[in-house]
Amino acid sequence: MPLKEQIESVRNQFLADIESFPQAPPLIDQLKSKYLGRKGLVAQLFSKMSQVKSEDRPRMGQELNSLKIELTRQFENKVASILAPGKRSPDEAIDLTLPGKAPRLGSVHILEQTLSDMKEIFKSIGFHVAYGPEVDDDYHNFSALNIPEHHPARDMQDTFFVDAKTVLRTHTSNVQIHLMENEDPPIRYIVPGRVYRNEAISYKSYCLFHQVEGIYINKRVSFGELKGCLEYFVRHMFGAERGMRFRPSYFPFTEPSAEVDIWDEERQEWLEILGCGMVDPNVLDNVGYDSKIWHGYAFGMGVERIAMLKYNINDIRLFYNGDIRFLEQFA
Ligand code: PHE
């Protein structure tokens, strides 16, 4: 085999050896003596120079020298990589003095935080927490609450219909009926949940929002107790100084009825947060409670508006568009 081809074959052999070489120092010494030792393959090639024709000798000498240099360099790289595995080149080194990247933490949504504050306040004065259906028949959402079919009061809340007899509930008051149908008096519940209205959307109204319903039924219940309960709630939610007022109102399922407004510091105006009243005797009769014995009060409050007033949030739509910059402020 001509010397030139022998040089190529030693090179290829070396490359294959070094590629598959186990990373263990005693064996790397064997590799070194096999190729680069005094009697190694490269030295053997040099000794064949005497057989090369004199005109080819300079070129062959060059080839052999560069083989020796290349193998030596590769060998040294291999040794270096065994001694310092995974070592990075200087331009990708880690600067341990740089500040780290803080992981982004999730947080409880501000509506959920508000709702849990509300639940705690009512639980502290003896209310239990119950839930009910968001999709309901019009009997529970309307008729049983003293809002007959074709009555103009049905237009007080613009309704999403699922079919002629089924609605997305327009308020949590439907659960008043479910609770009273399933349990004998006395009862005292709050009912948090989502409600839906096909309303014009604005800074204070959205097509979906949350309410907390309250219902208390007992043998002697007065409007004074209702006022006391709601004042207790407002004082614990907003503090002793916050402007609050009761205003006479109308709901088919309560008589008398009222609404409560809270002073909006930002807009310098009153904002309604709840409707309430003494449960209408017709409603008690509809669920089979004897309205000569049992009386009660009920209320329904808007969770978004309470959060807006408490945290100075100026647009109800902020609760729903999932903007991290908004949500982070309440983490
Ligand atoms: N359901 C009424 C509303 O959504 C609020 C309310 C509840 C009023 C209970 C009186 C009693 O507007």
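This is a walk through the structure above, from its sheet to the helices around it. Keep in mind along the way that the model is predicted.

Let us start with the sheet. Seven strands make up an open sheet with mixed pairing, and their order is S1-S5-S6-S10-S9-S8-S7. At the edges stand S1, covering 128-129, and S7, covering 244-251. Each of these two has a single partner strand, so one side of each is left without a neighbour in the sheet. S1 runs parallel to its partner S5, residues 187-196, and 2 bridges join them. If you would like to find this pairing in the model, look for Val129, which stands opposite Ile190 in S5.

A helix also packs on this sheet: H8, made of residues 223-238. The strands touched by H8 are S6 (208-218), S7, S8 (254-264), S9 (269-279) and S10 (295-302), and the direction of H8 makes about 30 degrees with that of S10.

S10 deserves a closer look. S6 and S10 run antiparallel and are joined by 8 bridges. Here Tyr216 stands opposite Tyr297 in S10. S9 and S10 also run antiparallel, with 5 bridges between them. Leu274 has Met301 in S10 as its bridge partner. How much of S10 is buried? The count is 7 of its 8 residues, so this strand is largely enclosed by the rest of the structure.

It also helps to recall a general point about strands. In a regular strand, side chains alternate between the two faces of the sheet.

Back in S5, one residue makes a good landmark: Pro192. Its relative accessible area is 4%, which counts as buried. Setting aside residues up to four places away in sequence, Pro192 touches Leu115, Lys119, Val129, Ala130, Tyr131, Gln211 and Val212. To get a feel for distances in the model, compare Pro192 with Val79: they lie 113 residues apart in sequence and 70 Å apart in space, C-alpha to C-alpha.

Next comes helix H7, residues 174-182. Of its 9 residues, 7 are buried, so H7 is largely enclosed by the rest of the structure. Those buried residues are Asn174, Val175, Gln176, Ile177, His178, Leu179 and Met180. What covers them? The cover includes strands S2 (135-137), S5, S6 and S10, together with helices H6 (138-141) and H9 (281-286).

Now to the way helices meet one another. Two packed helices are described by the angle between their axes and the distance between the axes. Helix H5, residues 110-123, is a helpful place to try this out, beginning with its meeting with H8. Their axes come within 10 Å and cross at roughly 135 degrees. H5 and H8 are therefore oblique to each other, and H5 passes H8 in a right-handed crossing. From H5, the residues that take part are Thr114, Asp117, Met118, Ile121 and Phe122, and they meet Cys229, Tyr232, Phe233, His236 and Met237 in H8. Sorted by class, this contact has 7 nonpolar, 2 polar and 1 charged residues.

H5 also meets H10, residues 303-311, where the axes come within 10 Å and cross at roughly 95 degrees. That crossing makes H5 roughly perpendicular to H10. Here Ile110, Leu111, Thr114, Leu115, Asp117 and Met118 in H5 meet Val303, Glu304, Ile306, Ala307, Lys310 and Tyr311 in H10. By class, the residues are 8 nonpolar, 1 polar and 3 charged.

Our last stop is the pair formed by H1, residues 3-19, and H4, residues 57-83. Their axes come within 11 Å and cross at roughly 5 degrees, and the two helices are therefore roughly parallel to each other. H1 contributes Leu3, Lys4, Ile7, Val10, Arg11, Phe14, Leu15, Ile18 and Glu19, while among the residues they meet in H4 are Leu64, Leu67, Glu70 and Leu71. The contact has 11 nonpolar, 1 polar and 7 charged residues by class.

Within H1, look for Arg11. Is Arg11 buried or exposed? With a relative accessible area of 15%, Arg11 is buried, since the cut-off is under 20%. Leaving aside neighbours within four places in sequence, Arg11 is in contact with Leu67 and Glu70. Arg11 and Gln211, a residue that Pro192 touches, are 200 residues apart in sequence and 81 Å apart in space, C-alpha to C-alpha.

Terms used
Residues are numbered from 1 along each chain as its sequence is written. This is a predicted model: local features need pLDDT of at least 70, side-chain atom pairs count only at pLDDT 80 or more; totals for chains, interfaces and linings use all residues. Side-chain values use heavy atoms; hydrogens and water are left out. Two strands pair if DSSP finds at least two bridges between them. Helices (H or I, at least four residues) and strands (E, at least two) are DSSP runs, numbered from the N terminus. Contact means heavy atoms within 4.5 Å. Axes are lines fitted to C-alpha atoms, for helices over the stretch in contact, and angles run from 0 to 180 degrees between N-to-C directions. Angles under 35 degrees count as roughly parallel, over 145 as roughly antiparallel, 65 to 115 as roughly perpendicular and the rest as oblique. A crossing is left-handed if the near helix is turned anticlockwise from the far one by less than a right angle, and right-handed if clockwise. Ala, Val, Leu, Ile, Met, Phe, Trp, Tyr, Cys and Pro count as nonpolar, Asp, Glu, Lys and Arg as charged, and the others, Gly among them, as polar. Buried means under 20% relative accessible area, exposed over 50%, partly exposed in between (1.4 Å probe, protein chains only).
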